[in-house]
Amino acid sequence: MNKTAWMLFLPFLALTAACTSNIGANNYAVQNVNKVQTAQIGTIISVRKVIVQNENGGGALLGTVAGGVAGSQIGRGSTAGILGALGGAIVGGVAGDIAQSELSKQAGYEYVIQLQNGGIVTVTQGNDVLMTVGEKCMVIYGPQARVIPYGG
């Protein structure tokens, strides 16, 4: 891979990885801080390990641009340069989509919770707080729902 292609590819990987959200129960988005949220007490009735990944297509877009620019370096200004740009864009788009899919994967858990009022809800979150079947918990409702241990 030539120097120009590497100069485009490395920032692309960094941008793709930066698009991954942290989905842990202990992480809050800035816009959700200092807001009142409601909570209910419940009991964990099921825990299932899941994989969470971002599928917004940003990696494909970045890869298409990077691949097109890198491919255009073949035979600058000629038909070969145009074909290289098109081929590079296609390959870059596919590679970007695959890279984003793989770099954004995170392990998480899906919790099924029986609430004290009899209702059942599910919450999927990162793996920083592991809860077990039968454990008392608190379900926090809001734009960033989460399940945390209940110590009361």
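Modeller: Before we start, a contact here means heavy atoms within 4.5 Å. Keep in mind too that this is a predicted model.

Colleague: Thanks! With that in hand, what share of the contacts in the protein with a separation of 6 or more comes from residues 24 or more positions apart?

Modeller: Let me set the scene with the secondary structure, which comes to three helices and five strands. Along the sequence they follow the pattern α-β-α-α-β-β-β-β. Among contacts with a separation of 6 or more, the share from residues 24 or more positions apart is 68%.

Colleague: And how much of the protein counts as buried?

Modeller: A residue counts as buried when its relative accessible area is under 20%. Taken over the 152 residues of the protein, the buried share is 30%.

Colleague: Let's look at Q125 in strand β3. Is Q125 buried or exposed?

Modeller: Strand β3 covers residues 120-126, and Q125 is found there. The relative accessibility of Q125 is 2%, so this residue counts as buried.

Colleague: Which residue has its backbone nitrogen 2.8 Å from a polar atom of the Q125 side chain?

Modeller: Beyond its neighbours within four places in sequence, Q125 is in contact with I23, A25, G108, Y109, Y111, R146 and V147. One of these also supplies the backbone nitrogen, at 2.8 Å from a polar side-chain atom of Q125: it is V147.

Colleague: I see two tyrosines, Y109 and Y111, among the Q125 contacts. What kind of aromatic pair do Y109 and Y111 form?

Modeller: A search of the whole structure finds one aromatic pair, and Y109 and Y111 are its members. Y109 counts as buried because its relative accessibility is 14%, and Y111 counts as buried because its value is 0%. Their ring centres are 6.2 Å apart with 35° between the planes, and the pair is tilted.

Colleague: Now to R146, another Q125 contact. How far is the C-alpha atom of R146 from that of A25?

Modeller: R146 is found in strand β5, residues 146-149, and is buried because its relative accessible area is 1%. Leaving out residues up to four places away in sequence, R146 touches G24, A25, N26, N27, Y28, V123, Q125, M138, V139 and I140. R146 and A25 are 121 residues apart along the chain, yet the distance between their C-alpha atoms is 5.7 Å.

Colleague: Which residue has its backbone oxygen 3.3 Å from a polar atom of the R146 side chain?

Modeller: The residue lies in the loop between β4 (136-140) and β5. With a relative accessible area of 18%, it is buried. Beyond four places in sequence, its contacts are N27, Y28, A29 and N32. The backbone oxygen at 3.3 Å from the R146 side chain belongs to Q144.

Colleague: Does anything else bring Q144 into the picture, say a pocket? What is the volume of the second largest pocket?

Modeller: The second largest pocket has a volume of about 160 Å³. Of the 12 residues lining that pocket, the closest to its centre are I23, G24, T124, Q144 and A145. The lining divides into four nonpolar, seven polar and one charged. To end on the value you asked for, the volume is about 160 Å³.

Colleague: What is the phi of N34, and is N34 buried or exposed?

Modeller: N34 lies in the loop between α1 (3-18) and β1 (39-52). Its relative accessible area is 80%, so N34 is exposed. The phi of N34 is positive in a residue other than glycine, near 65°.

Colleague: How far apart in space are V133 and I45, C-alpha to C-alpha?

Modeller: V133 is placed in the loop between β3 and β4 and counts as exposed because its relative accessibility is 58%. Aside from neighbours within four places in sequence, V133 is in contact with I44, I45, S46 and V47. V133 and I45 are 88 residues apart in sequence, and their C-alpha separation is 5.1 Å.

Colleague: One last residue, P149: is P149 buried, partly exposed or exposed?

Modeller: P149 has its place in strand β5. Its contacts beyond four places in sequence are V129, M131, E135, K136, C137 and M138, and the C-alpha atoms of P149 and M131 are 7.2 Å apart. At 44% relative accessibility, P149 counts as partly exposed.

Key
Residues are numbered from 1 along each chain as its sequence is written. This is a predicted model: local features need pLDDT of at least 70, side-chain atom pairs count only at pLDDT 80 or more; totals for chains, interfaces and linings use all residues. Side-chain values use heavy atoms; hydrogens and water are left out. Helices (H or I, at least four residues) and strands (E, at least two) are DSSP runs, numbered from the N terminus. Buried means under 20% relative accessible area, exposed over 50%, partly exposed in between (1.4 Å probe, protein chains only). A polar contact is a pair of N or O atoms within 3.5 Å; within protein, one must be able to donate a hydrogen and the other to accept it, and residues adjacent in sequence count only if both atoms are side-chain atoms. On a 1 Å grid over the protein atoms alone, a cavity is a set of points where a 1.4 Å probe fits but cannot get out, and a pocket is an open set with protein on both sides within 12 Å along at least five of seven lines; lining residues have an atom within 4 Å of a point. Grid points are joined across faces, edges and corners, and a volume is the space filled by probe spheres set on the points. Ala, Val, Leu, Ile, Met, Phe, Trp, Tyr, Cys and Pro count as nonpolar, Asp, Glu, Lys and Arg as charged, and the others, Gly among them, as polar. Rings of Phe, Tyr and Trp (its six-membered ring) pair if their centres lie within 6.5 Å; planes under 30 degrees apart count as stacked, over 60 as edge-to-face and the rest as tilted.
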